[in-house]
Amino acid sequence: MNVPEDLDYTVEHEWIKRVADGRVRVGITDYAQDQLGDVVYVELPDSGKVVAMGDLMAEIESTKSVGEVYAPLAGTVSSVNTAVADSPELVNASPYVDGWLVEIDCDGDLVTESFLDAGAYRNLTE
(Lines give C-alpha, C1' and ligand atoms only; values in the text may rest on other atoms or scores of the structure.)
Protein backbone atom coordinates (compact mmCIF):
# COMPACT_ATOMS: atom_id res chain seq x y z
CA MET A 1 0.00 0.00 0.00
CA ASN A 2 1.30 3.41 -1.01
CA VAL A 3 1.28 6.01 1.82
CA PRO A 4 3.33 9.08 0.81
CA GLU A 5 5.21 10.65 3.70
CA ASP A 6 4.50 14.25 2.62
CA LEU A 7 0.72 14.05 3.05
CA ASP A 8 -1.68 14.20 5.99
CA TYR A 9 -4.50 11.66 6.36
CA THR A 10 -7.89 11.28 8.02
CA VAL A 11 -9.43 8.23 9.67
CA GLU A 12 -12.05 8.36 6.88
CA HIS A 13 -9.24 7.63 4.36
CA GLU A 14 -8.87 11.05 2.75
CA TRP A 15 -5.45 12.54 2.10
CA ILE A 16 -4.60 16.23 2.39
CA LYS A 17 -1.76 18.09 0.66
CA ARG A 18 -0.89 21.74 1.12
CA VAL A 19 -0.64 23.28 -2.35
CA ALA A 20 -0.57 26.98 -1.46
CA ASP A 21 -0.90 29.21 1.56
CA GLY A 22 -4.32 28.37 2.97
CA ARG A 23 -5.21 25.95 0.14
CA VAL A 24 -5.21 22.16 0.30
CA ARG A 25 -5.78 19.40 -2.24
CA VAL A 26 -7.90 16.42 -1.13
CA GLY A 27 -8.36 12.91 -2.46
CA ILE A 28 -8.86 9.36 -1.23
CA THR A 29 -5.99 7.12 -0.24
CA ASP A 30 -4.56 4.14 -2.05
CA TYR A 31 -6.08 1.97 0.68
CA ALA A 32 -9.54 3.49 0.13
CA GLN A 33 -9.47 3.09 -3.65
CA ASP A 34 -8.33 -0.52 -3.23
CA GLN A 35 -11.21 -1.23 -0.84
CA LEU A 36 -13.71 0.32 -3.26
CA GLY A 37 -12.54 -1.62 -6.30
CA ASP A 38 -12.94 -0.33 -9.84
CA VAL A 39 -14.23 3.25 -9.68
CA VAL A 40 -16.90 3.90 -12.31
CA TYR A 41 -18.35 7.30 -11.30
CA VAL A 42 -17.28 10.30 -9.21
CA GLU A 43 -19.69 13.01 -8.11
CA LEU A 44 -17.82 16.17 -7.17
CA PRO A 45 -19.10 19.36 -5.53
CA ASP A 46 -19.34 22.62 -7.44
CA SER A 47 -16.52 25.14 -7.19
CA GLY A 48 -17.55 27.78 -4.69
CA LYS A 49 -19.36 25.34 -2.40
CA VAL A 50 -18.77 26.17 1.25
CA VAL A 51 -18.05 23.09 3.38
CA ALA A 52 -17.76 22.54 7.12
CA MET A 53 -15.35 20.00 8.53
CA GLY A 54 -17.03 16.59 8.28
CA ASP A 55 -19.55 17.57 5.58
CA LEU A 56 -20.24 15.06 2.83
CA MET A 57 -18.31 16.51 -0.09
CA ALA A 58 -18.20 13.89 -2.85
CA GLU A 59 -19.32 10.36 -3.69
CA ILE A 60 -17.33 7.70 -5.45
CA GLU A 61 -19.16 4.77 -7.02
CA SER A 62 -17.39 1.53 -7.78
CA THR A 63 -18.38 -1.88 -9.05
CA LYS A 64 -18.59 -2.97 -5.37
CA SER A 65 -20.09 -0.04 -3.46
CA VAL A 66 -20.42 3.72 -2.98
CA GLY A 67 -17.83 5.59 -0.95
CA GLU A 68 -18.40 8.95 0.66
CA VAL A 69 -15.75 11.64 0.87
CA TYR A 70 -15.92 14.09 3.75
CA ALA A 71 -14.43 17.56 4.01
CA PRO A 72 -11.35 17.24 6.23
CA LEU A 73 -11.60 20.93 7.15
CA ALA A 74 -13.82 23.97 6.73
CA GLY A 75 -13.53 26.22 3.72
CA THR A 76 -14.61 26.87 0.17
CA VAL A 77 -14.13 24.44 -2.70
CA SER A 78 -11.89 26.45 -5.01
CA SER A 79 -11.22 23.83 -7.67
CA VAL A 80 -12.48 20.40 -8.71
CA ASN A 81 -10.64 17.81 -10.77
CA THR A 82 -12.88 17.55 -13.82
CA ALA A 83 -10.53 14.92 -15.28
CA VAL A 84 -11.74 12.52 -12.57
CA ALA A 85 -15.37 13.21 -13.44
CA ASP A 86 -14.59 12.37 -17.08
CA SER A 87 -12.25 9.44 -16.28
CA PRO A 88 -13.12 8.05 -12.84
CA GLU A 89 -10.56 5.27 -13.21
CA LEU A 90 -7.89 7.89 -12.42
CA VAL A 91 -8.83 7.44 -8.76
CA ASN A 92 -7.66 3.82 -8.99
CA ALA A 93 -4.67 4.38 -11.26
CA SER A 94 -3.21 7.45 -9.53
CA PRO A 95 -4.99 8.38 -6.28
CA TYR A 96 -2.28 10.82 -5.13
CA VAL A 97 -1.43 12.57 -8.41
CA ASP A 98 -4.01 12.46 -11.22
CA GLY A 99 -6.90 11.18 -9.11
CA TRP A 100 -7.21 14.05 -6.64
CA LEU A 101 -10.76 15.32 -6.10
CA VAL A 102 -10.93 18.93 -4.89
CA GLU A 103 -8.96 21.89 -3.64
CA ILE A 104 -10.27 23.80 -0.64
CA ASP A 105 -9.43 27.33 0.47
CA CYS A 106 -9.34 26.90 4.23
CA ASP A 107 -11.24 29.08 6.65
CA GLY A 108 -8.67 30.51 9.06
CA ASP A 109 -5.45 28.75 10.00
CA LEU A 110 -4.80 25.23 8.78
CA VAL A 111 -4.96 23.16 11.96
CA THR A 112 -3.56 19.68 11.49
CA GLU A 113 -3.91 18.12 14.96
CA SER A 114 -6.86 16.03 13.80
CA PHE A 115 -4.89 14.60 10.87
CA LEU A 116 -2.70 11.51 10.87
CA ASP A 117 0.85 11.41 9.58
CA ALA A 118 1.93 8.60 7.23
CA GLY A 119 3.08 6.30 10.06
CA ALA A 120 -0.15 6.67 12.02
CA TYR A 121 -2.20 6.11 8.86
CA ARG A 122 -0.25 2.91 8.09
CA ASN A 123 -1.00 1.71 11.63
CA LEU A 124 -4.69 2.44 11.11
CA THR A 125 -4.89 0.37 7.94
CA GLU A 126 -2.79 -2.63 8.94
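**Group meeting: a pocket, two cores and a sheet**

Okay, let's start with the largest pocket, which holds about 160 Å³ of space. Keep in mind that this is a predicted model.

So what lines the largest pocket? Going along the chain, you have Glu12, His13, Ile28, Tyr31, Ala32, Gln35, Leu36, Ile60, Gly67, Glu68 and Val69. Two elements give two or more residues to that lining, α1 (30–36) and β7 (66–70). The largest share comes from α1, with 4 residues. As for chemistry, the lining splits into 6 nonpolar, 3 polar and 2 charged residues.

Now hang on to Ile28 and Ile60, because both names come back. In soluble globular proteins, nonpolar side chains tend to be buried together. Here the largest nonpolar core has 24 residues. Which of them have the most contacts inside this core? Those are Ile28, Val42, Met57, Ile60, Leu101, Val102 and Ile104. Several elements each supply at least two residues of this core: β3 (23–28), α1, β4 (39–43), β6 (56–62) and β9 (102–106).

If you want one residue to click on, try Leu101. Leave aside its neighbours within four places in sequence, and Leu101 is in contact with Val26, Gly27, Ile28, Val42, Leu44, Ile60, Val69, Ser79, Val80, Asn81, Val84 and Val91. Among those, Ile28, Ile60 and Val69 also turn up in the lining of the largest pocket.

There's a second core too, separate from that one, with 9 residues, including Val3, Tyr9, Trp15 and Leu116.

On to the sheet. It's an open one, with 6 strands in the order β1-β2-β3-β9-β8-β5 and antiparallel pairing. Which strands are at the edges? They're β1 (8–9) and β5 (50–51), and each of them pairs on one side only.

Let's zoom in on β9. On one side, β9 pairs with β3 in the antiparallel sense, over 4 bridges. Within that pairing, Val26 stands opposite Val102, and the bridge partner of Arg23 is Asp105. Then there's β8 (residues 75–80), joined to β9 by 5 bridges and also running antiparallel. There, Val77 has Ile104 as its bridge partner.

Is β9 enclosed or open to the outside? Of its 5 residues, 4 are buried, so β9 is largely enclosed by the rest of the structure. And remember, Val102 and Ile104 were both on the list of residues with the most contacts inside the largest core.

That's the tour. Happy to go back to any part of it on the screen.

How values were computed:
Residues numbered from 1 in each chain as written. Predicted model: local features only at pLDDT ≥ 70, side-chain atom pairs only at ≥ 80, totals over all residues. Heavy atoms only, no water. 1 Å grid on protein atoms, 1.4 Å probe; cavity = no way out; pocket = protein on both sides within 12 Å on 5 of 7 lines; lining within 4 Å. Points joined across faces, edges and corners; volume = space filled by probe spheres on them. Nonpolar A, V, L, I, M, F, W, Y, C, P; charged D, E, K, R; others polar. Core = buried A, V, L, I, M, F, W, Y, C linked by side-chain atoms within 4.5 Å. Buried < 20%, exposed > 50% of the residue type's maximum accessible area, 1.4 Å probe, protein only. Contact = heavy atoms within 4.5 Å. Pairing = 2+ DSSP bridges.
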